[in-house]
Amino acid sequence: MRPIAETRRSPAGGARATATSRRARPGPAASESRPASPPESPVVAVTNVRMLRVDEGLYALRIGPIAGNLGEIAGMVVPVAQISAPFAEDGNGVEIIASYPRKGPWLDKEGGTVILRSPAGGGLVVVTVYGGAEQQTSEPALDLQRLDGPGNGVAEPGRTVARSAAAGPISAPAATEARDIPTEILLHIERAGDRLFPGRGWVGALGRRMRIEAFSIRPLERLAPADIEMKGFLPNNGETPWVPGGTLCGTRGRGLPLTGFAVRVVAPQAERFEVAYQGSFFAGGISQMHQNGAPCRALTADDPLEAINVRLIERAAGPEAAATAG
């Protein structure tokens, strides 16, 4: 016979075991719980894709306005275009070095311009337009123009760089065609100081946003430095006087960027020679081509100049002059 006290404790011990076993079993709420469904993802559609072949050189690719109504998808304003270069096995693909008016490879509905550097052998560029899933967009206009090399802007400033393979090789220029006069260009660039460049194509810090504070142009043949004159434009509507070639035009050490410039050939040499030029600005991008003393300035006031492209040209001789020269 067990003591009375021990007999009374046994039901309590059994009750504790029963409670423990009940806690070990999953309850009805746990067995019936289900995972919450994930939130619905926003839908962005690719509405247009263009692939362009770009030959070796420096180019401006202008993308026209994108059709379609403005909208927003997960904070992204559409329609929008992205410019990209496919991966190159040798790691030497097309490089996007600048874009306007926005930074980076994205352009909004108004379009814009990107500056491309294509390696030897050329490369590919892809323009992709994004919009809403049910948004109708048309193909934006694309204009690819070469910025370096001798044929970049005077005779045919709006010509798109494109040539059929069936057109055959380009013939050598005739003796009576216009020719470029070689030059040297000295630039005083912020944080870099004086830098001397051969005057072929773009010189300066194109796409790198380093301000030009002064410049000088010197012909290397056919013309003396004094046969050309230069003018610089400064912030707050300031400007320099016309100064002869070979002389620094602008400022040094004052932190004043050039916001524009102009170049002209003086008489009587202006009858045989002309000058064409354009600039690249921080906000305004690449300007149109200007000639013979016309101011080259950005549309935005006090927009710093970062690179220039200057051509000094001897006009084509007429048939009679060519016969005399021969």
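# A walk through a strand-rich model

Glu-239 has a relative accessibility of 46%, and because this value falls between the 20% and 50% cut-offs, the residue counts as partly exposed. The structure in which Glu-239 sits is a predicted model, and this residue offers a convenient place to start. The side chain of Glu-239 meets that of Lys-231 in a salt bridge, with 2.9 Å from N to O. Lys-231, at 10% relative accessibility, counts as buried because its value is under 20%, so this salt bridge pairs a partly exposed residue with a buried one.

Lys-231 also leads to Thr-240, since Thr-240 touches Lys-231, Gly-232, Leu-234, Cys-249 and Gly-250 when residues up to four places away in sequence are not counted. Thr-240 lies in the loop between strand E17 (238–239) and strand E18 (243–244), and with a relative accessible area of 12% it is buried. A further position to look at is Thr-251, which is 11 residues from Thr-240 in sequence and 9.4 Å from it in space, C-alpha to C-alpha. Cys-249, one of the residues that Thr-240 touches, is itself buried at 1% relative accessibility. Cys-296 is buried as well, at 0%, and the structure holds zero disulfides.

It helps now to step back and look at the whole protein. The protein has three helices and 25 strands, and of its 326 residues, 38% are buried. If one takes the contacts with a separation of 6 or more, 70% of them are accounted for by residues 24 or more positions apart. The protein exposes about 18700 Å², and carbon and sulfur atoms supply 53% of that area.

What lies in the interior can be approached through a broad tendency: in soluble globular proteins, nonpolar side chains tend to be buried together. In this model the largest nonpolar core has 32 residues, and Phe-215, Phe-261 and Ile-308 are those with the most contacts inside it. At least two residues of this core come from each of E12, strand E15 (212–219), strand E16 (228–234), E20, E21 and E25. Another core, of 13 residues, lies apart from it and includes Val-54, Ile-63, Val-94 and Val-114.

The structure holds 13 salt bridges, and some of them can be followed from one strand or loop to another. Glu-95 forms one with Arg-117, where the closest N and O atoms are 3.6 Å apart. This pair links distant parts of the chain, for Glu-95 is in strand E6 (residues 95–100) and Arg-117 is in strand E8 (residues 112–118), 22 residues apart. Glu-95 counts as partly exposed at 40% relative accessibility, and Arg-117 likewise counts as partly exposed at 40%.

Arg-211 forms a salt bridge with Glu-190, the closest N and O atoms being 3.5 Å apart. Because Arg-211 lies in the loop between strand E14 (202–204) and E15, while Glu-190 lies in the loop between E12 and E13, the pair ties together parts that are 21 residues apart in sequence. Glu-190 is buried, with a relative accessible area of 15%. Returning to the salt bridge of Glu-239 and Lys-231, one can then turn to a network in which salt bridges that share partners join Arg-179, Glu-221, Arg-222, Arg-272 and Glu-314.

Asn-48 offers a view of a position within a strand. Asn-48 belongs to strand E1 (residues 45–54) and is buried at 15% relative accessibility. Not counting residues up to four places away in sequence, Asn-48 touches Val-127, Thr-128, Val-129, Glu-139 and Pro-140.

The backbone deserves a last look. Most residues other than glycine have a negative phi, and most peptide bonds are trans. Against this background, Arg-191 has a positive phi of about 65 degrees although it is not a glycine. Arg-191 is in the loop between strand E12 (183–189) and strand E13 (193–198) and, at 67% relative accessibility, counts as exposed. Asp-302 also has a positive phi, near 60 degrees; Asp-302 is found in the loop between strand E24 (296–297) and strand E25 (305–314) and, at 38%, is partly exposed.

Cis peptide bonds complete the tour. The bond from Val-78 to Pro-79 is cis, with omega near 0 degrees, and Pro-79 lies in the loop between strand E4 (76–78) and strand E5 (80–84). The bond from Ala-267 to Pro-268 is also cis, with omega near 0 degrees, and Pro-268 is in the loop between strand E20 (260–265) and strand E21 (273–281).

Terms used
Residues numbered from 1 in each chain as written. Predicted model: local features only at pLDDT ≥ 70, side-chain atom pairs only at ≥ 80, totals over all residues. Heavy atoms only, no water. Disulfide = S-S within 2.5 Å. Buried < 20%, exposed > 50% of the residue type's maximum accessible area, 1.4 Å probe, protein only. Helix = DSSP H or I, 4+ residues; strand = E, 2+ residues; numbered from the N terminus. Contact = heavy atoms within 4.5 Å. Core = buried A, V, L, I, M, F, W, Y, C linked by side-chain atoms within 4.5 Å. Areas by Shrake-Rupley, 256 points an atom, 1.4 Å probe, with all protein chains shown as cover. Salt bridge = Lys/Arg side-chain N within 4 Å of Asp/Glu carboxyl O.
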